[in-house]
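Okay, thanks for having me, everyone. I'll put the structure up and then walk you through it, starting with the charged residues.

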Amino acid sequence: MEIRIGIQHSPREIVIETEDDTSSVLESLTTAVTDGAPVTLRDKKGRNVLLPGAKIAYAEVSTEEPRPVGFLG
């Protein structure tokens, strides 16, 4: 799944590809925004991304797999 997160006062969004469960990611982000606490998300490569919960402007969670680019065959 792909997660796009906007941070306040930052012109770029953070894009994370993760294999975590959608409901657990949404719960973690909701708790972080509500409490203003940092949240840690793990991407597909095993890297951890720490985000400031108080500075999250928006989060877009896509459960669809992105279409491959290029030619198959």
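**Charges, core and a hairpin**

Let's begin with Glu13, which is partly exposed at a relative accessible area of 34%. One thing to keep in mind throughout: this is a predicted model. Glu13 has a salt-bridge partner in Arg4, and the closest N and O atoms of that pair are 2.6 Å apart. Arg4 itself counts as partly exposed, with 26% relative accessibility.

Now, Arg4 also has a salt bridge with Glu2, where the closest N and O atoms sit 3.2 Å apart. So is Glu2 buried or exposed? Glu2 has a relative accessible area of 17%, and since the cut-off for buried is under 20%, Glu2 counts as buried.

Let me stay on Glu2 for a second. Glu2 belongs to strand E1. Setting aside residues up to four places away in sequence, Glu2 touches Val15, Ile16 and Glu17, and also Glu60, Val61 and Ser62.

There's another salt bridge I want to show you, between the side chains of Lys44 and Glu17, at 4.0 Å from N to O. Why does this pair tie together separate parts of the chain? Lys44 is in the loop between E3 and E4, while Glu17 is in strand E2, residues 13–17, so the salt bridge links parts that are 27 residues apart in sequence. On accessibility, Lys44 is partly exposed at 43%, and Glu17 is partly exposed too, at 25%.

Going back to the earlier trio, salt bridges with shared partners join Glu2, Arg4 and Glu13 into one network. The whole structure has 4 salt bridges. As a general remark, side chains of opposite charge can pair when their charged atoms come close.

Okay, let's zoom out. The chain has 1 helix and 5 strands, and from the N terminus the order is β-β-α-β-β-β. If you take a box along the principal axes, the C-alpha atoms fill roughly 50 × 25 × 20 Å. Of the 73 residues, 23% count as buried. The chain exposes about 5400 Å², and 51% of that comes from carbon and sulfur atoms. For those of you who like contact maps: among contacts with a separation of 6 or more, 49% are between residues 24 or more positions apart.

So what's on the inside? The largest nonpolar core has 12 residues, including Met1, Ile3, Ile5, Ile7, Ile16, Val39 and Leu41. Strand E1 (2–7), helix H1 (22–35) and E3 are the elements that give two or more residues to this core. In general, nonpolar side chains tend to be buried together in soluble globular proteins.

E3 is a nice one to look at from the side. Val39 and Leu41 point to one face and are buried, whereas Thr40 and Arg42 point to the other face and are not. That's the usual picture, because in a regular strand the side chains alternate between the two faces of the sheet.

Next door in the sequence we have E4. E3 and E4 pair in the antiparallel sense, over 4 bridges. If you want one bridge to look for on the screen, Leu41 is partnered with Val49 in E4. Together E3 and E4 form a hairpin with 5 residues between them, and Gly46, in the turn, has a positive phi of about 90°.

Last stop is Asp43, in the loop between strand E3 (39–42) and strand E4 (48–51). Asp43 counts as buried, with 13% relative accessibility. What does the side chain of Asp43 have 2.8 Å from one of its polar atoms? That would be the backbone nitrogen of Arg47. Leaving out neighbours within four places in sequence, Asp43 is in contact with Ile16, Glu17 and Thr18. Glu17 should ring a bell here: Glu17 is also the salt-bridge partner of Lys44, and Lys44 is in that loop between E3 and E4 as well.

So, to wrap up, these are the places I'd have you look on the screen: the network of Glu2, Arg4 and Glu13, the nonpolar core with its 12 residues, and the hairpin of E3 and E4. That's it from me, happy to take questions.

Note on methods. Residues are numbered from 1 along each chain as its sequence is written. This is a predicted model: local features need pLDDT of at least 70, side-chain atom pairs count only at pLDDT 80 or more; totals for chains, interfaces and linings use all residues. Side-chain values use heavy atoms; hydrogens and water are left out. Buried means under 20% relative accessible area, exposed over 50%, partly exposed in between (1.4 Å probe, protein chains only). A polar contact is a pair of N or O atoms within 3.5 Å; within protein, one must be able to donate a hydrogen and the other to accept it, and residues adjacent in sequence count only if both atoms are side-chain atoms. Contact means heavy atoms within 4.5 Å. A nonpolar core is a set of buried Ala, Val, Leu, Ile, Met, Phe, Trp, Tyr and Cys residues joined through side-chain atoms within 4.5 Å. Accessible areas come from the Shrake-Rupley method with a 1.4 Å probe; for residues, only the protein chains shown count as cover. Two strands pair if DSSP finds at least two bridges between them.
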